[in-house]
Every structure is written in structure tokens, then in C-alpha cells.
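Colleague: Please give me a close look at the empty space inside this model, and then walk me through the surrounding parts.

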Amino acid sequence: RVDTEVSASSLSFEPKFAVSAATVRGGVASTPLGSATVVGSFDGRTEVSFGTPIGGNASAVTVTVTPVMGISVGEKITLHLGSQFTGSDVTGLALLMVRKVAEMQADGTATWVDEVSFSPAAGNHSWAAGGYPAAARVGDEQGVNGNWDQANGLLDLTLNVSLYGGQPVTFVISDSNGISIPADGVGPSTCGVGDMVPAASCGTCVGCTGVSENHIWLSSDAATGPVGSTSVRSVQRVGVMTGTSVVFGELRPNARVSVTVTFTLNRPLVAGDAVFVHLAAGLFLGNATSGVMSETTGIGMCSWDPDAGVLTAMVDGSLTASVELSITIPLEAGVILPTEGMLANSENVKVSTNASAGPVVPRVVDSSPAMGTFAGDATRLSYTPAEFQTDGTPFLEGRVARITLGFALNRVIEAGGIVFADL
């Protein structure tokens, strides 16, 4: 890029490659090569992340890359996801592109601003809300076209505008395209292999299931500097939890209880990771606590934040992947059950983890208990004696009597249900 007008004849380039020779019959001075194969690269931190990081779910895919050399109109950047990413082939993906462009100011200076281009050119970009900087100016429609080839796991992004070398660009591919994360998520490259690994993990490493971050590559066919398939430097890892359940030490409204969460995670947990039980704030009560020790092996300090509704169990050991784990947070953590009870498998009870080998976003647990509560009228207990004394007063102590219980319950009691009176 130049900032003054120049003529083509005034431009010259220093040859970077030359050849020379020294032999017994004579030498050859260093002479520039007539031609050389050009090779490009991506500068800085190439990144791939997911809008809905849940194994087996359709997700938006965000790609950030900085080409070292320019990419011209009609040339493309290709994201190699692999065929374990599913979803039907798509021609004309719904996507947007954000790039830095120079905007001239009144004083003749230029500033760099974000420019967003959409595809397809629909005019209504509500699907892309939140996917680009709010202050970005809108550029030409159809700035980029995208296609998804599921069988080969290739996401091709063909440019209709040029990119300068060193110009960062971000592509956001909408979740409406149906590209889905592998059912086993995206794991760390624990196998220790480099670029060009097979399309699927060997599966021999602990916690190494499905696709790994090392299987996701970027390439470009830019004429000024093509880039061969190169591992993306930063790929968002995705773990998968199954068999999730939460139980409480007792089921009594307003009781302070212990909490046990059970799950199987297809990633290992290591010291510094945490498991979170999400209990709806405002329903589950108690005072904030921290530093409460769990007796579960491999788990250390626990804490309860009632304002956020998050119960945290810190990992201080090493917990194996793909093995059922049960973690108990003691009642000293201070969780108090809801006054109005709760439904079975309630949406107010979720679990997540920030596991470094593959986080899991909050998900409603597969199993959590129901709990009713007495509501409305006060609970009542009365006696009707079966025998009376001669003066008409009832016998009480040691006599047969009819007991009447009165209560209002905020749950339906179906036929076959049992009401217990502990006397």
C-alpha cells in the first residue's frame, strides 16, 4: 500500500532468491532466479469458535484470520472442519464478513473502521444481530459467498471484495445453515500429533474422543501467496456431559441441604477445573459461602453464590474421562431449598463445567427430584373421641379417637398417592 501517487516505472523490487556456483571449471556469480513458487501464510492468531458449543447441535461458526499476502476477488479461504461436522450441503451460506477498511476523514487522514458485508443479499439482516460490532458500517452486499460440503468437511468462503495483506477478517456463519458440532464435541490435541493428522482421532488417549482441535485447518488459494492446510491456532473446545442428575440431602422446603451431582464427562478434569450446579437465583436461597470442603475424592473447596444461583465445586485432583462421577457438596455450603417446592427434572436445575479439556455450557440435568410444599391454610390436626364420660365430657388419654388431618398442597395427589402422618 502506498500513500502517494507513483508511476509503475518508479517501482522496483529487490530479488529475494538467487543462485550461484563455484566449480573447478569456474564460478557463477549470484544471479536472481527467473521464477520461484510463492507461498503465503496466515499471520497472528487464527481462531475458530462456536455460537452454541453443544455436541451434536447446529451452531454458528466464527472464523478469524489475517492473511500475510493479499487475497483477490474470486479467490477463497477454506475452513477444513472434517466430515464429523454434520449437516446437509449448503450452497449460498447465510454469513457475514467483518474486515478493517480505511475511511478518509475531512482533514485528509484515514482511520481504520469495521465494515460488515452480508450474504445472501436479503436486505433483512436480523439473523446476524449480535454477530458484528454495533458501530460497523455496512459495505457492499454479497461481499463473500460461502458453501458447505459435508462429505469432505469443507467450508469454502469465496471473496467478492479484496483483502489486503495484514488485514484481519472475521467470518460468522449462521447457525441457520445447520452445520452441527460432532456428537462427541471438540477435544484437545492430546495425541500429540502435528498438522495433517487423520480425519478422526485414534481414540487411544484418555479423554481423546471424536474430533480434536488439531483436526481443524485453514487454507487459501490466493495467487499472490497460497496457504496450504494449516492447523488453526485457537479452536474452541467442546465437552459433552451425559447421565446428569442432581439430588438433595432431604426434600423439605426451606431446609439447608447437601447437593450431589452425578454425570459422565468425555473429557478429563484436572486441578483448577470446576463443576457448577446452577440453581435458579431467587428460588434457591441461603447466604453466600466459600471455602467449604467436599469429602468427594478429587474435589476441594466448594462455594455457593445465591445471587447468581451458582454452586461451585473446585477440582483439586485428576478425574478420568468417560467415567461416571458423583460429587457431593456438603450442607455447610448453605443451599436452601425453595419455599414453593420444585418440579421433577426442573429447568431451574442445570450443570456445567469449565473443564480445560472441553467445557460444557449450562444444561438442564436429565434427572432432578420433585418436591411439593404445604400452602394456603395452615396444616391442622384434630381428634374426635369415640367415648364419652357420664358427664358428657370426652375421654382423651388412652382412648380410641378419630384423627383429622387438614392441609393444602401445591401439587396434585393422584389416585394411589400416600399421605404420611408421623405421630
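Modeller: The largest cavity has a volume of about 40 Å³. A cavity here is a set of points on a 1 Å grid over the protein atoms alone where a 1.4 Å probe fits but cannot get out, and lining residues have an atom within 4 Å of a point. The volume is the space filled by probe spheres set on points joined across faces, edges and corners. Its lining has 12 residues, with Ser41, Pro67, Met69, Gly225 and Val227 closest to the centre. Sorted by class, that lining is 7 nonpolar, 5 polar and no charged; Ala, Val, Leu, Ile, Met, Phe, Trp, Tyr, Cys and Pro count as nonpolar, Asp, Glu, Lys and Arg as charged, and the rest, Gly included, as polar. The structure holds 1 cavity of 30 Å³ or more.

A word on the numbers: this is a predicted model, in which local features need pLDDT of at least 70 and side-chain atom pairs pLDDT 80 or more, while totals for chains, interfaces and linings use all residues. Residues are numbered from 1 along each chain as its sequence is written, and side-chain values use heavy atoms, leaving out hydrogens and water.

Val227 from that lining also belongs to strand E16 (227-231); strands are DSSP runs (E, at least two residues), numbered from the N terminus. E16 is part of an open sheet of 6 strands, in the order E6-E10-E11-E5-E15-E16 with antiparallel pairing. Strand E6 (90-91) and E16 each have a single partner strand, so they stand at the edges with one side lacking a neighbour in the sheet. E6 pairs with strand E10 (residues 144-149) over 2 bridges, antiparallel; pairing takes at least two DSSP bridges. Thr91 has Asn147 in E10 as its bridge partner.

Now for the nonpolar cores (buried Ala, Val, Leu, Ile, Met, Phe, Trp, Tyr and Cys joined through side-chain atoms within 4.5 Å). The largest one has 36 residues, and Leu79, Phe85, Leu155, Phe171, Ile173, Val186 and Ile216 have the most contacts inside it. Among the strands giving it at least two residues each are E10, strand E5 (76-80), strand E11 (154-159) and strand E12 (169-173). Beyond its neighbours within four places in sequence, Leu79 touches Val48, Val61, Val63, Gly153, Leu154, Leu155, Ile216, Trp217, Leu218 and Val232, a contact being heavy atoms within 4.5 Å. Apart from this core lies another of 34 residues, including Val257, Val259, Leu279 and Val335.

Further along, strand E26 (324-329) pairs antiparallel with strand E19 over 6 bridges. Thr264 stands opposite Glu324 there. Leu325, Ile327 and Ile329 of E26 point to one face and are buried, while Glu324, Ser326 and Thr328 point to the other and are not; buried means under 20% relative accessible area, exposed over 50%, partly exposed in between (1.4 Å probe, protein chains only).

Just before E26, in the loop after strand E25 (318-319), Ser322 has a positive phi near 60°. Asn254 also has a positive phi, about 65°, without being a glycine, and lies in the loop between strand E18 (241-248) and E19. Ser322 is partly exposed because its relative accessibility is 46%; for Asn254, 46% likewise counts as partly exposed.

How values were computed:
Helices (H or I, at least four residues) and strands (E, at least two) are DSSP runs, numbered from the N terminus. On a 1 Å grid over the protein atoms alone, a cavity is a set of points where a 1.4 Å probe fits but cannot get out, and a pocket is an open set with protein on both sides within 12 Å along at least five of seven lines; lining residues have an atom within 4 Å of a point.
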